[in-house]
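Please open the structure in your viewer and keep the selection tool at hand. The tour proceeds from one selection to the next.

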Amino acid sequence: MQTYNILTNTIDTFPEGKADFLLAASVTKTCEIDNITQAGIPGMIPLTPTLDAEYISHEKVFSLGELAETPTGVPTPALITHAVHNLTPFSTIEILDLGLVSQPKNCITHHFGIHPSEAIDKGAGINAKEVFAKGMQFGKSYELKGNYLILGESTPAGTTTATASALALGFDCADDFSSSFLHVPDDIKTQTINKALSLLDNDMNNFEKLGIVSDNMLLFCAGFLLEASKRFQIVLAGGTQMAACLLIADKLKEDVLMRVKHDNITLATTQWVAQDKNSDIAHILEQLSYAPHAVYTTFSFANTQIPILKKYDEGEAKEGVGAGASLTYAVQSNIQNQELLEQIEYLIYSM
């Protein structure tokens, strides 16, 4: 049973004003394990972050003839984020290349010399300390254009690597992570996670463990949070993956002798994650050493004229590409649900 005392649908803790939008785009080859994720077009899932980056930036994709969608036809949450941007624009939309197989075209992209990570069942092969340090450095140097920052992600199979990362660090949350699936492929995910964890031993430090079981997005963003939150407010846009990012930052702060300025951090997600019967984001957040700001919106597709969108309400896709924080940004900007729904429908009809 979920507990909601730590996760609220009021937006009192959400920052005000214009937001910068950063998309942390990354590929873990874990996504190539058969049937572990449906976050993209079968056979081309590693392209999903590239397509998401292009779409939120330009309202079209250049690297493929179609937008990323699940095998059942549910379109990427990038639609939601871009619809919000059309109605109440972000200060900027920029992409963080945290290991992509294909560069997004015509986007403002930051490069860090990070390559796609390997599948975790054989060891991710990440220099975790280096990726974390790159995140910290970018957190020091990033220049805010608006009033605060929304940090979203696009990392297929990221809930699998997030689960493995949290378990490797000793957190009690094996059954708490969500999935893009309605019917979660628990056997495949569990087998993959168990294989990854079997590669660890007790003599490893936290960075060594994460280098085997984690992904670049989680590590970079955890480092970024520690530094950037000292200078401005950050909204972590996402569900259980971004909750794992908070766990990693909370644990690794001891390794780098820093504090988490948690009053400057808010996690914002969708009601599809908050009310998901197969996961428990509130329980993940309860394991932090502090009480975090965490919110979700009540936007739904109940009144849509496009039947495939109703699958979000049924439990597919749920979150990603900054959708949760974008929806909260829309509420903060007094955008009504019907207006946003019509904009999303317009984007689909014009594809």
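**A tour of the sheet and its helices**

Begin by selecting Leu151 and Leu236: Leu236, in β5, is the bridge partner of Leu151. This model is predicted.

Next, extend the selection to residues 148–154, strand β4, and residues 234–237, strand β5. These two strands run parallel and are joined by 3 bridges. Strands of a sheet pair through backbone hydrogen bonds, either parallel or antiparallel.

Now display the whole sheet. It is an open sheet of 7 strands with parallel pairing, in the order β3-β2-β1-β4-β5-β6-β7. Select 109–111 (β3) and 293–296 (β7), which stand at the edges. Each has a single partner strand, so one side of each is left without a neighbour in the sheet. On average, neighbouring strands of this sheet are turned by 25 degrees against each other, direction ignored.

Proceed to residues 323–332, helix α12. This helix lies across β1, β4, β5, β6 and β7, and runs at about 100 degrees to β6.

Finally, select residues 128–141, helix α3. How far apart are the end C-alpha atoms of α3? They are 20 Å apart, which agrees with the 20 Å that its 14 residues should span at 1.5 Å a residue.

Within α3, colour the buried residues: Ala128, Val131, Phe132, Gly135, Met136, Phe138 and Gly139. Look down the axis of α3: the buried residues fall within an arc of 165 degrees, so they line one face of the helix. To see what covers them, add further elements, including β1, β2, β3, α6, α7 and α8.

Methods. Residues are numbered from 1 along each chain as its sequence is written. This is a predicted model: local features need pLDDT of at least 70, side-chain atom pairs count only at pLDDT 80 or more; totals for chains, interfaces and linings use all residues. Side-chain values use heavy atoms; hydrogens and water are left out. Two strands pair if DSSP finds at least two bridges between them. Helices (H or I, at least four residues) and strands (E, at least two) are DSSP runs, numbered from the N terminus. Axes are lines fitted to C-alpha atoms, for helices over the stretch in contact, and angles run from 0 to 180 degrees between N-to-C directions. Contact means heavy atoms within 4.5 Å. The expected span of a helix is 1.5 Å times one less than its number of residues. Buried means under 20% relative accessible area, exposed over 50%, partly exposed in between (1.4 Å probe, protein chains only). The arc is that of the directions from the helix axis to the C-beta atoms.
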